[in-house]
Structures are given as C-alpha cells and as structure tokens.
Amino acid sequence: MTLILTIRAKDGVVVASDAQITTGPVRSTGQKIRKLNDCCLWAASGELALVQRVEEAVEAAPKDQPLRGLRDGLALAVRNSVDQLLRVDFRTQFFQSNPDQLLKLHSGDFVFAEVRECNQSVLHVEVHGTPEWVTDCFATGSGSLFAYALLQRYRNLICEITVEQASLLAYKVIRETIEVGAY
C-alpha cells in the first residue's frame, strides 16, 4: 500500500507518508517526501521509474521562487517525465489509439506543500501534468480511499487544529489505513 497525506492546519501544513514504495515492478523503502526549497516539500506516489524521472527534473530546475511561480514548471516536469517514459517503453505502440490506457502505463501523483510567512499552499499535479490547488486535506496512493474515509470524522475540526495536532492526526490516519489496507 502507498499513502501520501497532506493536512492543512491553522499554522502550517503537515505532509506525511508511509515508508514503502510499492507501485511498479520495483519494491523499495525510500524517501517519499523531499525538500523542494526552504519553504516547500514535495511527495510522490506511483511508479518508481516515473518518480525518479520527476525527481531528476525537479532537482535540475530553478526553485528559488514561491510555489505559485513554480506551478507550471513543475507540471511540465511531470508531463515531460511521462513523455520520456512513453518514448522508451515498448508497450506504448499498443496503446497509441487509446490515450487513457496510454497514461495508465506509468502511474504517478505528485503533491507540493509550501508554508511561506502566513501563506500555505498545496499543489497537486496529476500524471498528465494538470496542476490544481488543494484547499482541503489531500491523500494519494493506493491507500487514499481509506485515508479519506478516516478523515471524514475530523472534517469540521481540521481548520482549527495546530500543526502538532495535525501531525498526530496524520500518524493516526496512516496507521489505521495500513491496518485496514492489510486486509
């Protein structure tokens, strides 16, 4: 199971994840949450080959501006990484007439969370490169349905909790999601 979770608190954003990378043919433990710059973290779920290519693109890109200024560049990094994989994947030829199936060859979901002074931003970039701002809690990965169901219980409280409380909630949701997902 894979799970990346962001919870916006009144004084910041919590980004949390489980510890195993489990989508794609390679299974490994590793960092799902990475530093983008001094104010922003990013995380990814999905196929390891795609995540690695996006990481390389993000590391090479300039990152010294707020997330709002980086949005389109990050979205293009995801899209270009998918394009690169599709060019080298022999399976691509079999799905040329079906774009939905073509995009399913390399799954991935990317989330960027920034806290800058009193401003908090969470950006979600889908595998096809579409960026969208997240204004609520966000979960991605194979455990996301469980996480969203667990978060429903706290929906009315989330806007009022501190980062410390949001951290505890994130731990609880990930732990319970893993327990439920194990069955």
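**Notes on the sheet, the cores and a few residues**

1. Let me start with a cross-strand pair: L5 sits opposite A139 in β10. This is a predicted model, so please read everything below with that in mind. The strand pair around that spot, β1 and β10, runs antiparallel and is held by 3 bridges.

2. Zooming out, β1 and β10 belong to an open sheet of 3 strands, ordered β2-β1-β10 and paired antiparallel. The edge positions go to β2 (12–17) and β10 (138–140); each has a single partner strand, so one side of each has no neighbour in the sheet. On average, and ignoring direction, neighbouring strands here are turned by 10° against each other.

3. Have a look at T6 while you're in this sheet. This residue is part of strand β1 (residues 4–9), and its relative accessible area is 0%, so T6 counts as buried. Which residues does T6 touch, once those up to four places away in sequence are set aside? The list is V13, V14, V15, V111, V122, C137 and F138.

4. Helix α4 lies across β1 and β10, and its direction is at about 155° to β10. Its buried residues (α4 spans residues 144–151) are S144, A147 and L151. Why do these count as being on the same side of α4? Because they cover an arc of only 60° around the axis. The spacing fits a general rule: an α-helix has 3.6 residues a turn, so residues three or four places apart point the same way. On the face turned away from the buried side, α4 carries the exposed residues L145 and A149.

5. Now the largest nonpolar core, which has 23 residues; the members touching the most others are L36, W42, L74, F110 and F112. Two or more residues each come from β6 (40–46), α1 (48–60), α2 (67–88), β7 (108–116) and β8 (119–126). Which element gives the largest share? That is α2, with 8 residues. Apart from this core there is another one, of 18 residues, including L5, I7, A139 and L151. You'll recognise L5 and A139 as the facing pair from point 1, and L151 as one of the buried residues of α4.

6. F110 deserves a closer look. Leaving out neighbours within four places in sequence, F110 is in contact with W42, A43, A44, L50, V51, V54, V78, L123, H124 and V125. W42, like F110, is among the core members that touch the most others.

7. Strand β6 is largely enclosed by the rest of the structure, because 6 of its 7 residues are buried. With strand β5 (residues 33–37), β6 pairs in the antiparallel sense over 4 bridges, and the two make a hairpin with 2 residues between them. Within that pairing, R34 stands opposite W42 in β6. β6 is also antiparallel to β7, with 7 bridges joining them. There, C40 has E114 in β7 as its bridge partner.

8. Finally, a buried polar side chain: T177 in helix α5 (residues 163–181). Is T177 buried or exposed? T177 is buried, because its relative accessibility is 0%. Where does its side chain reach? The T177 side chain goes to the backbone oxygen of V173, at 2.6 Å.

How values were computed. Residues numbered from 1 in each chain as written. Predicted model: local features only at pLDDT ≥ 70, side-chain atom pairs only at ≥ 80, totals over all residues. Heavy atoms only, no water. Core = buried A, V, L, I, M, F, W, Y, C linked by side-chain atoms within 4.5 Å. Buried < 20%, exposed > 50% of the residue type's maximum accessible area, 1.4 Å probe, protein only. Contact = heavy atoms within 4.5 Å. Polar contact = N/O pair within 3.5 Å; in protein donor to acceptor, adjacent residues only side chain to side chain. Arc of directions from axis to C-beta. Pairing = 2+ DSSP bridges. Axes fitted to C-alpha atoms, helices over the stretch in contact; angles between N-to-C directions.
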